[in-house]
Amino acid sequence: RRQLHEKKRPLLGSLDIFIFSLIAGLLIYWFLFRKKTEPVLDFKTFPANRNVVVFYGSQTGTAEEFANRLAKDAHRYGMKGMAADPEEYDMSELSRLKEIPNSMAVFCMATYGEGDPTDNAQEFYDWMQGTDDDLEGVNFAVFGLGNKTYEHFNATGKYTDKRLAELGGKRVFDLGLGDDDSNLEEDFISWKEQFWPAVCEFFGVEATGEDSSIRQFELVVHNDINMNQVYTGEMGRLKSFQTQKPPFDSKNPFLAPVSVNRKLNKGGNRHLMHIELDIMDSKIRYDAGDHVAVYPINDAVVVSRIGERLGVDLDTAISLKNLDEECNKKHPFPCPTTYRTALSHYLDINNKPRKNVLYDLAQYASDPQEQENMRKMASASPEGKALYQSWVLDSERNILAILEDLPSLNPPIDHLCELLPRLQARYYSIASSSKVHPNSIHICAVVIEYTTETGRVYKGVATNWLKNKEVTENGHKHTVPMYVRRSQFRLPFKPSNPVIMIGPGTGIAPFMGFIQERAWQKEQGKDVGETILYFGCRHKNEDFLYQQELEEFERVGVLTQLNIAFSRDQERKIYVQHLLKKNKEQLWKLIHSNNAHIYVCGDARNMARDVHTAFYEIAEEVGGLTHTQAVDYFKKLMTKGRYSQDVWS
Ligand code: NAP
């Protein structure tokens, strides 16, 4: 009876279990994701003794670096500064900044892609667009980071400056516009030199004469640490490379095995490669036109040579701890770690150091002449600028070359690690379609390698590292930490719209994905419009990338036209834009009457601009437009998403 009774009314019925699990599930979900949905800090808990907050919209780390430099400078004027990621603050509380006496918000805002804000500034940008908050009493200044080779030069910086003023903010100093096509750092320094005197005047303060080369982080050496607690290259969670858990993103990259790595060119002394990353079981999704971000590792030989030159045991476990305990950023890179890991995974040791690095390191040069030269290069004097230009920039000296060529320079390695910028992920246009290759992502890239003025060999970090990731004879596959970044570079919604793709050199990459997708659409029985490719390379027998695949796509009618400009197979150069001009009537008809979508990928500085000009000429010559009308015509096509670019410089 008892048993029966118990069976009838169990302690927990299935409904109870369901409700209990639901509540437990919700609690676990809240616990796991609460941090992501709430800002880490809001302005109510803003460190009270700070009055200069420098927000950065940064994609590749430069804006963040500049923000740190400005925050550090503030000390020289008796102000307390801090750099801040807008993603970590509730920016809708910006108006409350005025509650902090003598405060100011500075914005270092980079423009990304086609005039877009960076990922970490997107939310702030959306807020500015939608808000009608009153920012009266909020003092601000903006420095924009952009590149003149792109259509929407510094769009984000300009918008931030304009919008904050419209909302009633008080502009302390004029908008600065940095141009990465000439010398971004020089633009920043020139702006900064006028900015601080303006700030002094505005707040009635004076320079204290205090040096801004003070340390931001202190060194902690871990002599007795469990190596399981030491970061080995992870971007976020410790041990995330051992136990991989989706979703994968910039803080949690997926370790994708390299399943194919083959040389694409038949001749010449360059190495162009096709790489396939296996994303099976990763739950990573992508669309043709997206970018794959890859975290490279610095050359182990260069890392070891830095250690040898500074006489340091690179395998020492250390942490760099922020001296400012209230600052959000506790460490400059994941800590605890070893110097070797920091120099291999986290720090950019391959590029030419910026002026502030030279300035801060100069104190460690024991030879007065070397010290003077370093200080001179960091200064804004015409002589210093010229020396920095020739000795660092033109001669392409990275930190190792500087240490080698200035024998009396002996900085403590921890200070060097504090000063070097973070090694950034590299973005490649995905060269495959997920409809055809749902489990792999293809990359097409050229290995960067050349000899510099000082006779050293410059090797691009990521491409040289990727080149060596070959499948071994026993089938072992190397892995690559990666994630996918969504883009706006998309095939037309209606497959029947014609597409005109222009991609010389490695600019062919996204079009391999597009063509595969058009082939797949055809197979699905869709009405697929004309698919036209303009590709360019040096010699037919040397670097005609994907020749077999492209000719096959043409043979089966997926590519309705394959135009190739072999630039060096004859005396006079032939480029893609020359072929465009040759087919001007057909092209104008496709664009003007048949709703064709145009795509350009590859070099921004010359090719993309020349192709643009060719289209203006076609509109003028065939369409009978004036030059102004032609410019306007293609501007409208861009706004409608019918002229898209995926270009780099
Ligand atoms: P590439 O093999 O150097 O060039 C492809 C073809 O384009 C060649 O036939 C070349 O002709 C031609 N070309 C040169 N100038 C042109 C112009 N103004 N208009 C049209 N065609 C032109 O291409 P790549 O190695 O793939 O590199 C393309 C560009 O992108 C290079 O400038 C490279 O530095 C840059 N790139 C940048 C990155 C990055 O991440 N920043 C990565 C890869 C490539 P000639 O050489 O005979 O003049």
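Start by selecting Ile19: at a relative accessible area of 40%, this residue is partly exposed. Keep in mind throughout that you are looking at a predicted model.

**Stop 1: the helix near the start**

Colour helix 2, residues 14-37, and you'll find Ile19 sitting in it. Now add Phe18, Leu22, Ile23, Leu26 and Leu27 to your selection; together with Ile19 they make a nonpolar patch on the surface. The accessible area of the whole patch comes to about 610 Å².

**Stop 2: the Flavodoxin-like span**

Next, select residues 52-196. UniProt, in an unreviewed entry, gives this stretch the feature "domain: Flavodoxin-like". The span is 32% helix and 24% strand, and its end C-alpha atoms are 12 Å apart.

While you're here, show the side chains of Arg69 and Glu185. They form a salt bridge, with 2.9 Å between the closest N and O atoms. Follow the backbone from one to the other: Arg69 belongs to helix 3 (residues 62-73) and Glu185 to helix 6 (residues 184-203), so the pair links distant parts of the chain, 116 residues apart. Are these two buried or exposed? Both Arg69 and Glu185 are buried.

Then jump to Asn102, in the loop between strand 2 (81-84) and strand 3 (104-112). Check its backbone angles: phi is positive, about 50°, even though Asn102 is not a glycine. For context, most residues other than glycine have a negative phi, and most peptide bonds are trans.

**Stop 3: two cis peptide bonds**

On the subject of peptide bonds, zoom in on Pro246 and Pro247. The bond from Pro246 to Pro247 is cis, and its omega is near 5°. You'll find Pro247 in the loop that runs between strand 8 (217-221) and strand 9 (254-263).

Now go to Cys335 and Pro336. These are joined by a cis peptide bond as well, with omega about 0°. Pro336 is in the loop between strand 12 (317-322) and strand 13 (337-338).

**Stop 4: the FAD-binding FR-type span and a six-stranded sheet**

Select residues 251-492, which UniProt lists as "domain: FAD-binding FR-type", again from an unreviewed entry. Helix accounts for 29% of this stretch and strand for 22%, and the end C-alpha atoms are 32 Å apart.

Now highlight strands 14, 11, 18, 9, 10 and 15, in that order. They make up an open sheet of six strands with antiparallel pairing. Which strands stand at the edges? Strand 14 (426-429) and strand 15 (440-446) do; each has a single partner strand, so one side of each has no neighbour in the sheet. Look across the sheet and you'll see neighbouring strands turned by 40° against each other on average, direction ignored.

For a closer view, pick strand 11 (residues 291-294) and strand 18 (residues 479-485). This antiparallel pair is held over four bridges. One place to look is His291, whose bridge partner in strand 18 is Arg485. As background, strands of a sheet pair through backbone hydrogen bonds, either parallel or antiparallel.

**Stop 5: charges and a loop**

Show Glu383 and Lys376 next. Their side chains meet in a salt bridge at 3.4 Å, N to O. Glu383 is exposed, with a relative accessible area of 54%, while Lys376 is partly exposed at 22%.

Move along to Glu396, in the loop between helix 11 (382-394) and helix 12 (399-405). Glu396 is not a glycine, yet its phi is positive, about 50°. This residue is partly exposed, with a relative accessible area of 22%.

Then select Arg305, Arg397, Glu404, Asp405 and Arg456 as a group: a network of salt bridges links them.

**Stop 6: one more salt bridge**

Finish with Glu621 and Lys581, whose side chains meet in a salt bridge (3.4 Å, N to O). Glu621 lies in helix 19 (residues 604-621) and Lys581 in helix 17 (residues 576-582), so this contact ties together parts 40 residues apart in sequence. Both ends are partly exposed: Glu621 has a relative accessible area of 45%, and Lys581 has 22%.

If you'd like to keep hunting, the structure holds 36 salt bridges.

Terms used. Residues numbered from 1 in each chain as written. Predicted model: local features only at pLDDT ≥ 70, side-chain atom pairs only at ≥ 80, totals over all residues. Heavy atoms only, no water. Patch = residues over 30% accessible without salt bridge, like charges linked within 9 Å, V, L, I, M, F, W, Y side chains within 5 Å. Areas by Shrake-Rupley, 256 points an atom, 1.4 Å probe, with all protein chains shown as cover. Salt bridge = Lys/Arg side-chain N within 4 Å of Asp/Glu carboxyl O. Helix = DSSP H or I, 4+ residues; strand = E, 2+ residues; numbered from the N terminus. Buried < 20%, exposed > 50% of the residue type's maximum accessible area, 1.4 Å probe, protein only. Pairing = 2+ DSSP bridges. Axes fitted to C-alpha atoms, helices over the stretch in contact; angles between N-to-C directions. UniProt positions renumbered as here; feature names shortened; annotations may be inferred.
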